[in-house]
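The report below describes how side chains are packed and paired in one protein model. Please keep the sequence and the structure at hand while reading.

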Amino acid sequence: MPNKPALLLKVAVPSPFRHSLDYLPPLGADPNRYQPGCRLWVPLRNRKAVGILIEVSQTLEVAAEKLKRAIGWIDEGPVLPASLMQLGSWASHYYQYPIGEVFAHILPTALRQGQSATAHQPAIWRLTLKGQLLDKQILKS
């Protein structure tokens with residue numbers, strides 16, 4: 001009989017399932033990273049999907065040997081704050097809509113596709129006060 005896993009990740013995956021799916025944590029993952037609202041890559045049938053961690057649990061709802069292991073974390077911290085996590089869970093329950101689909105619609109398209117959550121600021125150049133006082137003819141050369 002297989003050992004019961006110490007921790008299970010309940011993950012909302014964009015799919016027709018009305019509930020979250022259980023996954024084992026990624027190999028070598030730091031347990032301090034297990035925060036609701038974080039995105040992670042998970043196997044879903046024959047593809048890799050972006051999921052949102054809903055909660056960490058120790059309660060098995062399926063046989064331990066049927067659990068798949070999450071592939072890896074996408075973010076260092078949560079991309080969804082607790083208030084949006086609560087709103088998404090409420091909306092899923094109230095409207096009887098799959099929880100993974102609800103969270104997929106909360107996320108911007110780039111985050112839904114697994115892209116980085118950090119904003120890339122373009123470099124902006126401007127003249128200092130000293131540069132503004134210079135003769136414009138000097139700047140043209």
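Leaving aside its neighbours within four places in sequence, which residues is Val42 in contact with? The model is a predicted one, in which local features need pLDDT of at least 70 and side-chain atom pairs count only at pLDDT 80 or more, while totals for chains, interfaces and linings use all residues. Residues are numbered from 1 along each chain as its sequence is written, and side-chain values use heavy atoms, with hydrogens and water left out.

With contact taken as heavy atoms within 4.5 Å, Val42 touches Val11, Val13, Tyr23, Arg47, Lys48, Ala49, Ala70 and Ile71.

**Nonpolar cores**

A nonpolar core is a set of buried Ala, Val, Leu, Ile, Met, Phe, Trp, Tyr and Cys residues joined through side-chain atoms within 4.5 Å; buried means under 20% relative accessible area, exposed over 50%, and partly exposed in between, with a 1.4 Å probe and protein chains only. The largest such core has 14 residues, of which Val11, Val13, Tyr23, Leu40 and Val42 touch the most other members. At least two residues of this core come from each of strand 1 (8–12), strand 2 (21–24), strand 3 (39–44) and strand 4 (47–57), and strand 3 supplies the largest share, 3 residues. Helices (H or I, at least four residues) and strands (E, at least two) are DSSP runs, numbered from the N terminus. There is also a second, separate core of 9 residues, including Ala12, Ile99, Leu107 and Leu111.

In helix 2 (residues 99–106), Ile99, Gly100, Val102, Phe103 and Ala104 are buried, and the buried residues of this helix pack against strand 1, strand 4, helix 1 (82–95) and helix 3 (109–112).

**A buried arginine**

Arg39 is found in strand 3 and counts as buried because its relative accessibility is 0%. Its side chain makes the polar contacts tabulated here, a polar contact being a pair of N or O atoms within 3.5 Å; within protein, one must be able to donate a hydrogen and the other to accept it, and residues adjacent in sequence count only if both atoms are side-chain atoms.

| Side chain | Partner atom | Distance |
|---|---|---|
| Arg39 | Leu111 backbone oxygen | 2.6 Å |
| Arg39 | Gln115 backbone oxygen | 2.8 Å |

**Aromatic rings**

The structure holds 4 aromatic pairs, where rings of Phe, Tyr and Trp (its six-membered ring) pair if their centres lie within 6.5 Å, and planes under 30 degrees apart count as stacked, over 60 as edge-to-face and the rest as tilted. One of them joins Tyr94 and Tyr95 edge-to-face, at 4.8 Å centre to centre with 85° between the planes. Both of these tyrosines, Tyr94 and Tyr95, are exposed, and ring pairs link them with Trp90 into a cluster.
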